[in-house]
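Here's a walk through one protein model, written for someone who likes to poke at coordinates. Have the viewer open while you read.

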Amino acid sequence: MGIEIIGIGSYLPEKILTNAELEKMVDTTDEWITTRTGIKERRIAKDTEATSDLAIHAAKRAIKKANISPEEIDAIIVATITPDMFFPSTACFVQKGLGAKNAAVFDIAAACSGFIYGTAIAKDMLKNGTYKTVLVIGAETLSRITDWQDRNTCVLLGDGAGAVILKKTDSDSDILSSYLGADGNAGDLLYIPGGGSRNPATHKTVDDRLHYMKMEGNKLFKIAVRAMADSAKKAIELAGITCDDVRLIIPHQANIRIVEAVGKQLGVPMEKVFLNIQKYGNTSAATTPIALEEAIYEGKVKKGDIVVLVAFGGGLTWGAAAIKL
Ligand code: ACO
């Protein structure tokens with residue numbers, strides 16, 4: 001018995017925000033953003049759309065592909081750092097939106113690594129036999145925690161969602177390995193200081209813009225390369241395979257230069273590394289499921305191929321999974 005992705009779906013909001021438009025908002029240029037990050041444009045959710053709305057769209061597409069009814073879903077895991085509210089969990093809104101009334105539901109907050117963490121949890125839930133069908137979603141509306149006056153961060157981020165339905169089947173497909181890591185000591189390199197129990201929202205925290213994401217990108221860059229390369233190597237080793245067995249590396253899309261450096265450290269050519277950062281920027285927990293869906297849709301990977309998903313993000317957190325499709 002293995003774990004199979006029986007359905008996958010994604011959702012990107014319609015509104016496109018280009019680098020040219022950002023040039024009018026902050027002191028930046030298309031040239032700087034393109035050469036330093038690889039990003040050309042990103043998607044922005046409508047004012048009426050919250051994270052759960054994006055998640056529901058992606059999940060409905062995955063459910064349709066899986067050809068199951070929402071009632072068959074035993075558990076829903078939503079990875080997000082932009083929940084609709086502190087509580088209920090975003091997963092509760094998703095359950096309601098899908099009519100998945102038999103599902104246990106919860107959120108996990110592991111920033112950009114959230115989907116990898118969610119998949120690892122789902123794998124154990126399925127392997128121990130209690131759950132048979134688990135929906136894992138990475139969904140973010142990062143535009144809501146972006147300081148549109150801060151050129152260091154606002155050019156990087158976007159909104160989107162990706163979802164997979166995982167099921168125990170007797171096919172060859174499987175999550176061959178999961179590797180997770182974290183370093184809370186460096187949490188202040190990427191965080192939102194205000195609005196939580198440490199600095200509850202007040203007029204002052206809002207005036208001081210503490211409810212927006214703060215990032216020390218330069219320091220994160222080096223840690224991201226090392227953590228992602230090491231995580232991918234660990235997942236490959238734990239799966240008992242080599243890099244040559246991997247059809248495609250699907251990395252978190254934070255910066256094209258990070259992705260290229262990770263590819264180099266793994267010794268794989270860029271043809272074996274999936275990139276769509278130019279279209280969507282960094283959508284945190286949503287990047288890897290969106291990228292996996294696109295890779296399948298574009299025919300870059302097919303049933304039986306092995307892919308390695310790898311991510312790094314706030315926390316700090318990181319992780320990788322080797323998956324036989
Ligand atoms: N336009 C023009 N200039 C800019 C911009 C901009 N948008 N942003 C920064 N600059 C300037 C800086 O002010 C600095 O100017 P200075 O030299 O006069 O001080 C200069 O460009 C260089 O800044 P750096 O920060 O050194 O630029 P760098 O090449 O490191 O690129 C970036 C910055 C893109 C943020 C990069 O460091 C990066 O991608 N870091 C990793 C981000 C990451 O992986 N985050 C974790 C995941 S995200 C998540 O979890 C949600």
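Leaving aside its neighbours within four places in sequence, which residues is T82 in contact with? The list runs T51, A139, E140, T141, L142 and I145. Bear in mind that this is a predicted model.

**Around T82**

T82 sits in a loop, the one between strand 4 (75-79) and helix 4 (90-98). Is T82 buried or exposed? T82 counts as buried because its relative accessible area is 5%, and the cut-off for buried is under 20%. You can also check a C-alpha pair here: T82 and A109 are 27 residues apart along the chain, and 9.0 Å separate their C-alpha atoms.

**The chain as a whole**

Zooming out, the protein chain holds 11 helices and 13 strands. Its radius of gyration is 19 Å, close to the 20 Å that the globule rule gives for 325 residues, so the chain is as compact as a globular protein of that length. If you're setting up a box, the C-alpha atoms fill one of roughly 55 × 45 × 35 Å along the principal axes.

Buried residues account for 56% of the 325 residues. The accessible surface comes to about 14200 Å², and carbon and sulfur atoms own 52% of that. As for contacts with a separation of 6 or more, 77% of them are between residues 24 or more positions apart.

The chain splits into domain 1 (2-172) and domain 2 (176-324). Between the centres of domain 1 and domain 2, taken over C-alpha atoms, there are 14 Å. Domain 1 puts 49 residues into the contact, and domain 2 puts in 47 residues.

**The five-stranded sheet**

One open sheet has five strands in the order 1-7-6-4-5, and its pairing is mixed. Strand 1 (2-11) and strand 5 (104-108) each have a single partner strand, so one side of each is left without a neighbour in the sheet. From one strand to the next, the twist averages 15 degrees.

How many bridges pair strand 4 and strand 5? Five bridges do it, in the parallel sense. One bridge to look up is V78, whose partner in strand 5 is D107.

Two helices to look at here are helix 3 and helix 11. Helix 3 (residues 51-66) lies across strand 1, strand 6 (133-141) and strand 7 (159-169), and runs at about 130 degrees to strand 1. Helix 11 packs on the sheet too, touching strand 1, strand 6 and strand 7, with its direction at about 95 degrees to that of strand 1.

Helix 11 (residues 287-297) is mostly covered, with nine of its 11 residues buried. Among them are charged-looking names to click on, E293 and E294, along with I290 and L292. After helix 11 comes G299, with a positive phi near 75 degrees.

**The four-stranded sheet**

Another open sheet has four strands in the order 8-13-12-11, again with mixed pairing. Its edge strands are strand 8 (174-182) and strand 11 (248-251), each pairing on one side only. On average, neighbouring strands of this sheet are turned by 15 degrees against each other, direction ignored.

Strand 12 (residues 306-313) and strand 13 (residues 317-324) run antiparallel and are joined by eight bridges. At one spot along them, I306 stands opposite K324.

Helices pack on this sheet as well. Helix 5 (residues 114-127) touches strand 8, strand 12 and strand 13, and its direction makes about 130 degrees with that of strand 8. Helix 8 (residues 217-238) touches strand 8, strand 11, strand 12 and strand 13, making about 150 degrees with the direction of strand 12.

Strand 11 and strand 12 run parallel, joined by four bridges. I250 has L309 in strand 12 as its bridge partner. Which faces of strand 11 are covered? Both are: L248 and I250 are buried on one side, and I249 and P251 are buried on the other.

Here are the helix angles side by side.

| Helix | Reference strand | Angle |
|---|---|---|
| Helix 3 | strand 1 | about 130 degrees |
| Helix 11 | strand 1 | about 95 degrees |
| Helix 5 | strand 8 | about 130 degrees |
| Helix 8 | strand 12 | about 150 degrees |

Key:
Residues are numbered from 1 along each chain as its sequence is written. This is a predicted model: local features need pLDDT of at least 70, side-chain atom pairs count only at pLDDT 80 or more; totals for chains, interfaces and linings use all residues. Side-chain values use heavy atoms; hydrogens and water are left out. Two strands pair if DSSP finds at least two bridges between them. Axes are lines fitted to C-alpha atoms, for helices over the stretch in contact, and angles run from 0 to 180 degrees between N-to-C directions. Contact means heavy atoms within 4.5 Å. The radius of gyration is taken over C-alpha atoms; the globule rule is 2.2 Å times the number of residues to the power 0.38. Buried means under 20% relative accessible area, exposed over 50%, partly exposed in between (1.4 Å probe, protein chains only). Accessible areas come from the Shrake-Rupley method with a 1.4 Å probe; for residues, only the protein chains shown count as cover. Domain bounds come from an automatic or database domain assignment.
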